[in-house]
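Dear colleague,

I am handing over the structure that we talked about, and below it I have written out what was found in it. Please keep it open while you read, so that you can look up each place as it comes.

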Amino acid sequence: MRISVVIPVYNTGKYLRECLDSVVGQTFRDLDIIVVDDGSTDGSSAICDEYASRDSRIRVLHCSNGGLSVARNRGIDLADGEFISFIDSDDAIHPSMIQCLLDAALAASADIASCACRRGTELRYEIKGGGQARISASEKSIEKMLYQTSLATSSACAHLFKRSLFDDVRFTPGILYEDLDAVPFVFEKAVRVVSLPDKLYFYRITPNSLINTWSPRRLDVLSVTARLEAHFKSHPRIYAAACDRRLSAAFNIFMLNARQRSQADEEVALRCWHIIRERRMASLLNPRVRLKNKAGIMVSYLGRRISTFAVRLTQ
């Protein structure tokens, strides 16, 4: 059994060795490690070549900068493993992550095996002794992913996918939230998903992490969630989750925009508020919706101006 690991690299020299060490040191050895250097300018390219010279399992593709989606797609095109996994080059994985996910996938006859992520600035993993793997149909996994109420994540990382699931799915170039735009559609093609409770994937929070920055490009999430909502309209249970995910995205952008204070964009605020008003009642009455969203909904009934004021009070 051969497993492909795709690692897009762009100017992550500070963390790249830690990432590559975590991959080449996996207890599962039959790896096809595809490192896509996406036009790095900080010395990352030389680090990639250094590791490839020491480990014959590593293939390095140097290309001009095209963005994360393009780099991942190039890796998918080159992958020859039966399974494929994605790792961001400023993250790292537990030494047994690949083996644990493969064992779980084979034992459950699953198309996707997932583990939990630990987020932070210092490398650490969390193993839950005796934690049970959970097996579910793909539809259930998509619901959890969109409700954001469990360990299920729309990230492309922390999963082991059957390579065939990507036969007609690729990441959309040039957008943020490229994972949310693609991963639910990959899960939709799966029959069975198995999830491990252990936090075997380390997601590093850096000053440049999406969670810490604001730009107009973050508005992409509104288009991405609209696409999910439209796609799953014929699946009532997933559709309810997709509507709530769109509501959640609108709340998030509304809040980020409001925190810009004098630089806040009125058009953005109105766009988000329209989505909130259209979808808030359905989510309020939906028992599956997380309390965080319901709290936001209750505040929203006080009006846009008071909601904006409430957001700014929490800064």
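A residue is called exposed when its relative accessible area is over 50%, buried when that value is under 20%, and partly exposed in between. Please bear in mind throughout that this is a predicted model.

With those cut-offs in hand, leucine 285, which has a relative accessible area of 64%, counts as exposed. Leucine 285 belongs to helix H9, which covers residues 266-285, and on the surface it joins Met281 and Tyr301 in a nonpolar patch whose accessible area together is about 320 Å².

Next come two helices that meet. The axes of helix H5 (residues 138-147) and helix H6 (residues 178-189) come within 8 Å of each other and cross at roughly 160°, which makes H5 roughly antiparallel to H6. On the H5 side the residues that meet the other helix are Ser138, Ser141, Ile142, Met145 and Leu146, while on the H6 side they are Leu180, Val183, Pro184, Phe187 and Glu188. As background for reading such a list, an α-helix has 3.6 residues a turn, so residues three or four places apart point the same way.

H6 also appears in the surroundings of helix H3, since the buried residues of H3 pack against H6 as well as against strand S1 (3-9), strand S2 (31-38) and strand S4 (83-86). Helix H3 spans residues 68-78, and its buried residues are Ser69, Val70, Ala71, Arg72, Asn73, Gly75 and Ile76.

Now to the charged side chains, where the count comes to 24 salt bridges. Which parts of the chain are tied together by arginine 204 and glutamate 18? The side chains of these two residues meet in a salt bridge with an N to O distance of 2.3 Å. Arginine 204 lies in strand S9 (residues 192-204) and glutamate 18 in helix H1 (residues 13-24), so the pair links parts that are 186 residues apart in sequence. Arginine 204 is buried, with a relative accessible area of 5%, whereas glutamate 18 is partly exposed at 32%.

A second salt bridge joins glutamate 143 and arginine 288, whose closest N and O atoms are 2.9 Å apart. Glutamate 143 lies in helix H5 and arginine 288 in the loop between H9 and helix H10 (291-300), so this pair ties together parts that are 145 residues apart in sequence. Here glutamate 143 is buried, with a relative accessible area of 4%, and arginine 288 is partly exposed at 28% relative accessibility.

A further salt bridge is formed by the side chains of arginine 163 and aspartate 167, at 3.4 Å from N to O. Is each of these two partners buried or exposed? Arginine 163 counts as buried at 16% relative accessibility, but aspartate 167 counts as exposed at 56%. Elsewhere, salt bridges that share partners join Arg2, Asp30, Asp32, Arg59 and Asp80 into one network.

Two buried helix residues are also worth looking up. Alanine 104 sits in helix H4 (residues 97-108) and counts as buried at 11% relative accessibility. Leaving aside neighbours within four places in sequence, alanine 104 is in contact with Val194 and Leu196, and the C-alpha atoms of alanine 104 and leucine 196 are separated by 8.0 Å although the two residues are 92 residues apart along the chain. Asparagine 257, in helix H8 (residues 236-258), is buried with 3% relative accessibility, and with the same kind of neighbours left aside its contacts are Ala264, Asp265, Val268 and Ala269.

Finally, there is a point about the backbone. Most residues other than glycine have a negative phi. Serine 109, however, has a positive phi of about 50° although it is not a glycine, and phi of tyrosine 177 is near 60°, again a positive value in a residue other than glycine. Serine 109 is found in the loop between H4 and strand S6 (112-120), and tyrosine 177 in the loop between strand S8 (159-162) and H6. At 55% relative accessibility serine 109 counts as exposed, while tyrosine 177, with a relative accessible area of 12%, is buried.

With kind regards

Terms used
Residues are numbered from 1 along each chain as its sequence is written. This is a predicted model: local features need pLDDT of at least 70, side-chain atom pairs count only at pLDDT 80 or more; totals for chains, interfaces and linings use all residues. Side-chain values use heavy atoms; hydrogens and water are left out. Patches are made of residues with over 30% relative accessible area and no salt bridge: like charges are joined within 9 Å, nonpolar side chains (Val, Leu, Ile, Met, Phe, Trp, Tyr) within 5 Å. Accessible areas come from the Shrake-Rupley method with a 1.4 Å probe; for residues, only the protein chains shown count as cover. A salt bridge is a side-chain nitrogen of Lys or Arg within 4 Å of a carboxyl oxygen of Asp or Glu. Helices (H or I, at least four residues) and strands (E, at least two) are DSSP runs, numbered from the N terminus. Buried means under 20% relative accessible area, exposed over 50%, partly exposed in between (1.4 Å probe, protein chains only). Axes are lines fitted to C-alpha atoms, for helices over the stretch in contact, and angles run from 0 to 180 degrees between N-to-C directions. Angles under 35 degrees count as roughly parallel, over 145 as roughly antiparallel, 65 to 115 as roughly perpendicular and the rest as oblique. Contact means heavy atoms within 4.5 Å.
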